[in-house]
Amino acid sequence: MLNTVTASWPKHLALLALCACSLAQAQNAPSRIGFVFTERLMTESKLAKAADAKIEAEFSKRQKSIQDSVTRFKSMEAKFETDAPNLPELERTRRARELLDLEKDVQRTQREFREDLIQRKSEERGNIAQKAGKLIEQIAEEEKLDIVLQESAWTSPRIDITDKILKLLDK
């Protein structure tokens, strides 16, 4: 029995050495990296431009209304400042309150507008990011990339796949 174990020992050692060599080669194989400028996808793609136009149309009426309110407030404020020295105390106090209430309404409306606009832009960007993510995955598989980065301090144009993603997004 001892003879059988010692006879197979060199075979096991050779197999172990072969496995170690293949593992070392796999670790030394160069990684394939890709990079995507996500901000370009969100600004240069046809989807992004269409989303911006859609949001602009959706919010333009509200923006115009807010601008009209601001103009009306500034006009009333200017009139109050010129009239205030000649107004009785009670009238001056009443108009000052009206101006304060109007200013609060305008600020609240502007804040709500900004919040709604940011939310809509986030929704649209989320949709674009979802579609781009699928395309990035597709390109990574086709080109056998090991990793695709989206943020970096510097990137070589050699690994940039942004244009490929843009072309696919625009289809």
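**Briefing: helix α4 residues and the largest pocket**

E124 is buried, its relative accessible area being 13%. The structure is a predicted model. This briefing covers two residues of helix α4, E124 and K131, and then turns to the largest pocket, with about 160 Å³ of space.

**E124**
- E124 belongs to helix α4, which comprises residues 89-142.
- The relative accessible area of E124 is 13%, and E124 counts as buried because this value is under the 20% limit.
- Leaving aside neighbours within four places in sequence, the contacts of E124 are A51, K54 and I55.

**K131**
- K131 is likewise located in helix α4.
- K131 has a relative accessible area of 45%; this residue is therefore classed as partly exposed, a class that lies between the 20% and 50% limits.
- When residues up to four places away in sequence are not counted, K131 touches L47 and L169.
- A separation of 9.8 Å is found between the C-alpha atoms of K131 and L168, which are 37 residues apart along the chain.

**Largest pocket**
- The space in the largest pocket amounts to about 160 Å³.
- Its lining consists of R32, I33, G34, E143, L145, R158, I159, D160, I161 and K164.
- Sorted by class, the lining of the largest pocket holds five charged residues, four nonpolar residues and one polar residue.
- Among the lining residues, G34 is the polar one, because Gly is counted in that class.

How values were computed:
Residues are numbered from 1 along each chain as its sequence is written. This is a predicted model: local features need pLDDT of at least 70, side-chain atom pairs count only at pLDDT 80 or more; totals for chains, interfaces and linings use all residues. Side-chain values use heavy atoms; hydrogens and water are left out. On a 1 Å grid over the protein atoms alone, a cavity is a set of points where a 1.4 Å probe fits but cannot get out, and a pocket is an open set with protein on both sides within 12 Å along at least five of seven lines; lining residues have an atom within 4 Å of a point. Grid points are joined across faces, edges and corners, and a volume is the space filled by probe spheres set on the points. Helices (H or I, at least four residues) and strands (E, at least two) are DSSP runs, numbered from the N terminus. Buried means under 20% relative accessible area, exposed over 50%, partly exposed in between (1.4 Å probe, protein chains only). Contact means heavy atoms within 4.5 Å.
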